[in-house]
Amino acid sequence: MDQDKGVLLCVDDEVIVLAVLKEILLCEFGNKYVIETAESASEGLEVISDLLKDGYKIMLILSDWLMPGMKGDEFLIKAHELTSNTVNILLSGQVEESVVRHIDTEAGLHYCLPKPWDRKELLEAISSGLEVFNSRQA
């Protein structure tokens with residue numbers, strides 16, 4: 001992997017969702033970014049730790065909310081503790097407004113998208129998230 005490229009991390013317990021997200025990201029951005037996936041929040045935290053140890057910048061995390069073991073809000077808050085400049089996007093078919101506010105307060109939630117998502121809205125959220133990340137680096 002190219003350490004000069006930023007990383008986009010997708011975390012969801014549904015393999016098909018990860019495959020679709022990865023395909024969308026590859027179609028939109030090609031090889032501009034490293035695209036990583038994780039099938040659980042705990043795996044996502046391991047991936048983040050490994051990437052940071054290897055010197056990668058994690059630009060954006062797309063995370064499901066309802067996952068077994070650890071829900072997306074807890075995951076994004078823990079991820080934020082590891083990499084506070086990373087932009088967080090939550091994907092969920094069922095999330096309460098109080099959870100969204102909690103993530104925003106504790107981990108700076110950039111966007112919350114419903115499942116199933118609208119492709120255009122997803123790409124707009126990702127693109128604006130990448131702009132936010134880049135402005136934080138300036």
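These are a few notes on the strands, one helix, a buried aspartate and the cysteines in this predicted model.

1. Strand 1 first. It covers residues 7–11, and five of its five residues are buried, so the rest of the structure largely encloses it. Neither face is left open: V7, L9 and V11 are buried on one side, while L8 and C10 are buried on the other. That split is what you would look for, because side chains in a regular strand alternate between the two faces of the sheet.

2. Who sits beside strand 1? On one edge there is strand 2 (residues 34–38), running parallel and joined to strand 1 by five bridges. If you want a register check, L9 has E36 as its bridge partner in strand 2. To get from strand 1 to strand 2 the chain passes through helix 1 (residues 15–29), and this β-α-β crossover is right-handed.

3. Strand 1 also pairs with strand 3, again parallel and with five bridges. Two pairs to click on: V7 is matched with I58, and V11 is matched with S63.

4. How much of strand 3 is buried? Seven of the seven residues in this strand (58–64) are, so strand 3 is largely enclosed by the rest of the structure. Besides strand 1, it pairs with strand 4, with five bridges and a parallel arrangement. I61 has N88 in strand 4 as its bridge partner. Here the chain goes from strand 3 through helix 3 to strand 4, in a right-handed β-α-β crossover.

5. If you're worrying about protonation states, have a look at D64, which is in strand 3. D64 counts as buried because its relative accessible area is 3%, under the 20% cut-off. Its side chain makes a polar contact with the side chain of K115, at 3.2 Å. Setting aside neighbours within four places in sequence, the residues in contact with D64 are V11, D12, D13, G72, L90, L91, S92 and K115. Note that D12 and D13 are in that list.

6. Helix 4 (residues 97–107) has a clear inside and outside. V99, V100, I103 and A107 are the buried set. They fall on the same side of helix 4 because they span an arc of only 100 degrees around the axis. The spacing fits the usual picture: an α-helix has 3.6 residues a turn, so residues three or four places apart point the same way. On the other side of helix 4, E97 and T105 are exposed.

7. What do the buried residues of helix 4 pack against? Their partners are helix 3 (72–82), strand 4 (87–92) and strand 5 (109–114). Right after helix 4 comes G108, whose phi is positive, at about 60 degrees.

8. Last, the cysteines, in case you were planning to set up any links. The whole structure has zero disulfides. Why is C27 unpaired? The closest cysteine sulfur to that of C27 belongs to C10 and is 13 Å away, which is too far for a bond. C112 is in a similar position: its closest cysteine sulfur is also in C10, at 16 Å, so a bond is ruled out by distance. For reference, the cut-off for a disulfide is 2.5 Å. As for accessibility, C27 counts as exposed at 52%, C112 is partly exposed at 28%, and C10 is buried in strand 1.

Definitions and conventions: Residues are numbered from 1 along each chain as its sequence is written. This is a predicted model: local features need pLDDT of at least 70, side-chain atom pairs count only at pLDDT 80 or more; totals for chains, interfaces and linings use all residues. Side-chain values use heavy atoms; hydrogens and water are left out. Buried means under 20% relative accessible area, exposed over 50%, partly exposed in between (1.4 Å probe, protein chains only). Helices (H or I, at least four residues) and strands (E, at least two) are DSSP runs, numbered from the N terminus. The arc is that of the directions from the helix axis to the C-beta atoms. Contact means heavy atoms within 4.5 Å. Two strands pair if DSSP finds at least two bridges between them. A crossover is right-handed if, with the strands pointing away from the viewer, the path from the first strand over the helix to the second runs clockwise. A polar contact is a pair of N or O atoms within 3.5 Å; within protein, one must be able to donate a hydrogen and the other to accept it, and residues adjacent in sequence count only if both atoms are side-chain atoms.
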